[in-house]
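Reader: I'm new to reading protein models. Could you walk me through the reasoning behind the labels people use?
Author: Sure, let's take a look.
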Amino acid sequence: MIATLQTLGRPLIRLGLIPQIAIGIVCGILLATLAPDTAQSVSLLGQLFISALKAVAPILVFILVTAAIASHQKGQPTHIRSVMVLYVIGTLVAALVAVAASFAFPTTLALDRPEVSGNPPGDIIEILQNLLLNAVANPVTAIMEGNFIAILVWAIGLGIMLRQASDATRTLLGDLSDAVSNIVRLVIRFAPLGIFGLVANTLAESGMNALLDYGHLLMVIVGCMLFVALVTNPLIVYWQTRENPYPLVFTCLRGSAITAFFTRSSAANIPVNLELCKRLKLHADTYAISIPLGATVNMCGAAITITVITLSAAHTLGIGVDFPTALLLCIVSALAACGVSGVAGGSLLLIPMASNLFGISTDVAMQVVAIGFVISVVQDSTETALNSSTDVLFTAAACRREENAQA
């Protein structure tokens with residue numbers, strides 16, 4: 001029996017990870033369509049996969065960043081500053097695209113949804129204060145809670161202090177980094193099963209009927225994200241590398257966006273992105289920092305969500321929006337997006353803050369947030385896919401730009 005299974009499964013095992021994930025998606029859709037009750041029972045596979053990624057990600061980031069900085073040779077170049085500039089530009093451009101689409105295709109909402117609970121931040125100052133406080137959190141608590149800002153701060157500080165350590169200590173750090181990376185690779189190998197469980201459970205529970213009432217809003221949001229992924233981001237990459245950007249763009253979408261779409265968590269996708277950067281042969285000292293940092297501050301998809309839904313609420317209430325105010329909304333959305341936690345639905349609770357620009361009350365804004373949660377099955381998945389794949393894309397663009405300059 002076992003020999004038969006091995007014989008039947010050998011061709012599947014020989015396939016690459018992406019084809020295996022595609023097969024898992026198709027199987028999940030078929031199971032949810034033909035046997036919804038059974039589909040919900042396999043949700044455990046998806047839960048185990050996401051939990052494993054979330055569990056290993058903080059430890060991986062802490063050890064990888066510490067080891068990379070401790071072993072960094074003086075004078076060896078890194079490209080963090082260039083990546084950060086691309087993060088800011090990409091987020092602002094995404095917000096501008098969202099404003100243009102909202103003016104071109106205005107959306108009217110039915111604001112009769114029940115309010116949702118939550119504690120949205122009041123303004124940008126509060127968001128920045130929270131970021132600073134998160135940066136100095138207890139390192140043990142940060143690892144337990146997945147606070148990647150604090151993890152980065154402590155890992156960078158420890159790595160700098162360990163630059164003067166003995167060779168044996170730095171070798172130990174390198175070996176530990178390799179061991180955790182191997183655990184990550186093992187977890188990622190189970191991605192097809194995990195995504196199979198996620199797809200089957202999501203379709204069986206939610207279906208698509210709930211999305212039809214908000215199809216126009218969803219089309220505007222997803223359309224903006226596709227435009228950013230396939231037009232503006234490639235233009236930014238071309239500006240940096242002066243090469244055809246689409247091979248790199250599609251590699252990042254295949255290697256990062258697919259898993260991010262179904263996990264709906266930038267934090268959970270960090271191990272996937274780090275592995276992709278390694279396959280792309282990028283600068284280790286750069287991606288060890290830029291990828292976990294991007295999972296926290298590079299949120300072009302979140303900027304689109306905040307902008308489109310806020311302008312839809314303003315249009316529904318008959319509030320006129322002029323260009324200067326729309327431009328201010330772009331800036332606010334971009335800054336707010338940088339403070340979005342890398343978890344599912346993180347951008348939605350920032351909508352009340354953006355709505356305050358137009359005098360929209362918190363009660364009404366929270367009804368809009370409730371609509372956001374209705375469409376989050378697709379909206380949040382697409383947002384996370386764009387956010388996460390852009391982390392790798394801009395890291396690769398910055399690294400290749402420097403390589404081309406040195407050639």
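Author: Let's start in the loop between helix 14 and helix 15, which is where Lys281 sits. Keep in mind that this is a predicted model.

Reader: Why is Lys281 called exposed?
Author: Its relative accessibility is 72%. The label needs a value over 50%, so Lys281 counts as exposed.

Reader: And what is phi of Lys281 near?
Author: Near 60°, which is a positive value in a residue other than glycine. Along the chain, Lys281 follows helix 14.

Reader: What makes helix 14 count as mostly covered?
Author: Eight of its 10 residues are buried. Those are Ile270, Pro271, Val272, Asn273, Leu274, Glu275, Leu276 and Cys277.

Reader: Which helices do the buried residues of helix 14 pack against?
Author: Helix 4 (43-70), helix 8 (148-161), helix 9 (167-189), helix 13, helix 15 and helix 20 (376-406).

Reader: How is the packing of two helices described?
Author: By the angle between their axes and the distance between the axes. For helix 14 (residues 270-279) and helix 15 (residues 284-297), the angle is about 145° and the axes are 10 Å apart. The crossing of helix 14 past helix 15 is right-handed.

Reader: Which residues meet there, in helix 14 and helix 15?
Author: From helix 14, you have Ile270, Asn273, Leu274, Cys277 and Lys278. They meet Tyr287, Ala288, Ile291, Pro292 and Ala295 of helix 15. Sorted by type, the residues of this contact are eight nonpolar, one polar and one charged.

Reader: What makes Lys278 the charged kind?
Author: Lys is listed with Asp, Glu and Arg as charged, and Lys278 is one of the helix 14 residues in that contact.

Reader: Let's move to helix 12. Why is Thr232 called buried?
Author: Thr232 is in helix 12 (residues 215-241). Its relative accessible area is 10%, and buried means under 20%, so Thr232 counts as buried.

Reader: What is Thr232 in contact with?
Author: Leaving aside neighbours within four places in sequence, Thr232 is in contact with Val93, Val97 and Phe227. Val97 is 135 residues away along the chain, yet the two C-alpha atoms are separated by 8.9 Å.

Reader: How do you know that the side chain of Thr232 reaches the backbone oxygen of Val228?
Author: The distance there is 3.2 Å. The cut-off for a polar contact is 3.5 Å, and 3.2 Å fits within it.

Reader: Is Thr241 buried or exposed?
Author: Buried. Thr241, also in helix 12, has a relative accessible area of 7%, and the limit is under 20%, so the label fits. Not counting residues up to four places away in sequence, Thr241 touches Ala397, Arg400, Arg401 and Asn404. Its C-alpha atom and that of Cys399, 158 residues apart along the chain, are separated by 9.2 Å.

Reader: Then what makes Arg242 exposed?
Author: Arg242 lies in the loop between helix 12 and helix 13 (246-263). With 55% relative accessibility against a cut-off of over 50%, Arg242 counts as exposed. Phi of Arg242 is positive too, near 55°, in a residue other than glycine.

Reader: Zooming out, how many helices and strands does the protein chain have?
Author: It has 20 helices and zero strands. Buried residues make up 52% of the chain's 407 residues. Among contacts between residues at least 6 apart in sequence, 85% join residues at least 24 apart.

Definitions and conventions:
Residues numbered from 1 in each chain as written. Predicted model: local features only at pLDDT ≥ 70, side-chain atom pairs only at ≥ 80, totals over all residues. Heavy atoms only, no water. Axes fitted to C-alpha atoms, helices over the stretch in contact; angles between N-to-C directions. Helix = DSSP H or I, 4+ residues; strand = E, 2+ residues; numbered from the N terminus. Left-handed = near helix turned anticlockwise from the far one by under 90°. Contact = heavy atoms within 4.5 Å. Buried < 20%, exposed > 50% of the residue type's maximum accessible area, 1.4 Å probe, protein only. Polar contact = N/O pair within 3.5 Å; in protein donor to acceptor, adjacent residues only side chain to side chain.
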